[in-house]
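Q: Please take one residue in this structure and look at it closely. Then work outward from there and describe the part of the fold around it.

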Amino acid sequence: MIRNKIKKKLRSKQGTSIFFGLLLFLIASILSTVMLSASVTAVKSVESDRKTEQSYLTCSSAAKMLRDAIQNTCVVYKRTIVTQKIGNGGTQTIEDTSTWSSESKDETIAKSKFAEFLKDYVEAYEERNLAAGDELERTYTISVPADDAADIDTVTAKCTIKKGNDGNDIVIKLKTGDTVNDCQIVVKLVGKKKTEKTTTPGSWDNGGKTTTINQNIYTWDVRDFIYGDQERTSEAGI
């Protein structure tokens, strides 16, 4: 009797519609979950791409700004010595002054706002009288004014100055963005140092005072503009 009831239940078609309905509902739920997951992934990917592009544009703009500012700036060290003859045939120094200044290399282009920072940087390096190979590091932060900032991150510029073949070379490593969507650029500028000396001999008109002016003029030219965090060390192909 029990066996007959089981066979009857197995052969019964009652509830088939409910079963297929639940099956279709399950399939629809799975497809909806997959589509939703794909949509979320696509949105995140687009947002990540947008941040990466923004980091690239921000870092590139900052790097080009610093590159152009340094390349168009000359830093000048000027020492003025005034001597005067004295009665016993010798001379005495009556003035010995030194000044540092910055100016635009091209008179048609206004001096950069970064020029004064560069002047202070070079002065600090030279006044320390560091040995060849020694470096002086400074870190600057470049940001957009608050009213225009929006979602633009600040850029960190780590500068290193050291003695080069003809002057003081500068390497700038810039970075912006987070660990996932960051952008890094290395800019290297090769320095040149030009020394000038002028002497105005004493005369009756200037009271017998001899003026000697010694000038060191520091300038830079761009050598590298590299996307990444490593400085190029090889001189091949230059």
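**One side chain and the sheet around it**

A: The side chain of Thr 176 reaches the backbone oxygen of Thr 154, at a distance of 2.8 Å. The model is a predicted one. Thr 176 lies in strand 5, which covers residues 168-176. Thr 176 counts as buried because its relative accessibility is 2%, and the cut-off for buried is under 20%.

Leaving out residues up to four places away in sequence, Thr 176 touches several stretches of the chain. Among them are Ser 55, Thr 58 and Cys 59. Asp 153, Thr 154 and Val 155 are also on the list of contacts, and so are Asn 181, Asp 182 and Cys 183. Thr 154 therefore appears twice in this account, as the partner of the 2.8 Å approach and as one of the residues touched.

Two of these neighbours are cysteines, Cys 59 and Cys 183. In general, a disulfide is a covalent bond between the sulfur atoms of two cysteines. The structure holds zero disulfides. Cys 183 is in no disulfide, and the nearest cysteine sulfur, that of Cys 59, is 4.2 Å away. Since a disulfide needs sulfur atoms within 2.5 Å, that distance does not qualify. Cys 183 is buried because its relative accessibility is 8%. Another cysteine, Cys 74, also counts as buried, at 7%.

Next comes the sheet. Strands of a sheet pair through backbone hydrogen bonds, either parallel or antiparallel. Here an open sheet of seven strands has the order 2-1-7-6-5-4-3, and the pairing is antiparallel. Its edge strands are strand 2 (91-104) and strand 3 (135-142), each of which pairs on one side only. From one strand to the next, the twist averages 20°. In this order, strand 5, the strand of Thr 176, sits between strands 6 and 4.

Strand 6 runs through residues 183-200 and is joined to strand 7, residues 209-227, by 16 bridges. These two strands run antiparallel. Within this pair, Val 186 stands opposite Ile 226 of strand 7. Strand 6 also holds Gly 191, which is buried because its relative accessible area is 0%. Apart from residues up to four places away in sequence, Gly 191 touches Asp 166, Gly 167, Asn 168 and Asp 169, as well as Thr 219 and Trp 220. Gly 191 and Gly 164 are 27 residues apart in sequence, and their C-alpha atoms are 6.8 Å apart.

Strand 7 has another partner in strand 1. Strands 1 and 7 pair in the antiparallel sense over 10 bridges, and Gln 84 stands opposite Lys 209 in strand 7. Strand 1, residues 73-85, also pairs with strand 2 in the antiparallel sense, over 13 bridges. Lys 85 stands opposite Thr 91 in strand 2. Strands 1 and 2 form a hairpin with five residues between them, and Gly 89 in the turn has a positive phi of about 90°.

The whole chain gives the setting. It has four helices and seven strands, and from the N terminus on the elements run α-α-β-β-α-β-α-β-β-β-β. Of its 238 residues, 27% count as buried. Among contacts between residues at least 6 apart in sequence, 56% join residues at least 24 apart. The chain exposes about 16300 Å², with carbon and sulfur atoms supplying 54% of it.

Conventions:
Residues numbered from 1 in each chain as written. Predicted model: local features only at pLDDT ≥ 70, side-chain atom pairs only at ≥ 80, totals over all residues. Heavy atoms only, no water. Pairing = 2+ DSSP bridges. Axes fitted to C-alpha atoms, helices over the stretch in contact; angles between N-to-C directions. Buried < 20%, exposed > 50% of the residue type's maximum accessible area, 1.4 Å probe, protein only. Polar contact = N/O pair within 3.5 Å; in protein donor to acceptor, adjacent residues only side chain to side chain. Contact = heavy atoms within 4.5 Å. Areas by Shrake-Rupley, 256 points an atom, 1.4 Å probe, with all protein chains shown as cover.
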